[in-house]
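Q: Could you take me on a close look at the aromatic rings in this structure? I would like to see how they pair up and what sits around them.

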Amino acid sequence: MLSKSLEQAINTQINKELFSEYIYFSMAAYLASIGLEGMENFFIVQAQEEHFHAMKMYHFINERGGRVKLEQIDKPQFDFESPIEIFEIALNHEKFISKSIGELMDLAIKENDHATKSFLNWYVDEQVEEEDSMDTILNKLNLINGQGQGLLSLDKELGARTFIPEEE
Ligand code: FEO
């Protein structure tokens, strides 16, 4: 059985994952509006991943005898300056999520809840990938430095990303 404090903390994290889904959809929509459909695809897939992260927590709370409580989702940023700005925001956002997962883990350790610690390990590992993925693309964008051919080539590369649901 989940403690009330962990139940509340995981519910708060569900809200953050759903906000992540929302902000990545907003980025996808902006990228579609400037014709970068590969990058749009990248963020649609990213949004799907965030939904999956939230659903994993939804199932975990239920399995541990807790109750999922959904709260209001903040409005995401609507306008962006450039793809570089988007990936900077996305990287910073992932760093914020990593910190938040770390705090959840701290609470699970404090409460000596081994099942929650084991569950959260998946997210700790996932966050390493999430930050690396945004950082790698940001580095490429900085190398390209706004040059059209490079941007289109990266856009094509990101258009190949697909959502592969993992087993829960
Ligand atoms: Fe669910 Fe991108 O962290």
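**A close look at the aromatic rings**

A: Let's begin with a charge and a ring: the charged end of Lys56 sits over the ring of Trp122, at 4.3 Å from the ring centre. Keep in mind as we go that this is a predicted model.

Trp122 has company. Ring pairs join it into a cluster with Phe52, Phe60, Phe119, Tyr123 and Phe163. So where do we go from a cluster to a single pair? In total, the count comes to 10 aromatic pairs. One of them is formed by Phe42 and Phe87, whose ring centres are 5.7 Å apart and whose planes make an angle of 50°, which makes the pair tilted. Phe42 belongs to helix α2 (residues 37-63) and Phe87 to helix α3 (residues 83-110), so this pair ties together parts that lie 45 residues apart in sequence.

Now check how much of each partner can be reached from outside. Phe42 has a relative accessible area of 4%, so it is buried, since buried means under 20%. Phe87 is at 0% relative accessibility and therefore counts as buried too.

Phe42 also has a charge over its ring: the charged end of Arg161 sits there, 4.4 Å from the ring centre.

For a last stop, leave the rings and find Gln127, which is placed in helix α4 (residues 114-144). Gln127 is buried, because its relative accessible area is 4%. Setting aside neighbours within four places in sequence, Gln127 is in contact with Glu94, Ile97, Ser98 and Ile101.

Technical notes:
Residues are numbered from 1 along each chain as its sequence is written. This is a predicted model: local features need pLDDT of at least 70, side-chain atom pairs count only at pLDDT 80 or more; totals for chains, interfaces and linings use all residues. Side-chain values use heavy atoms; hydrogens and water are left out. Helices (H or I, at least four residues) and strands (E, at least two) are DSSP runs, numbered from the N terminus. Buried means under 20% relative accessible area, exposed over 50%, partly exposed in between (1.4 Å probe, protein chains only). Contact means heavy atoms within 4.5 Å. Rings of Phe, Tyr and Trp (its six-membered ring) pair if their centres lie within 6.5 Å; planes under 30 degrees apart count as stacked, over 60 as edge-to-face and the rest as tilted. A charge sits over a ring if NZ of Lys or CZ of Arg is within 6 Å of the ring centre and within 35 degrees of the ring normal.
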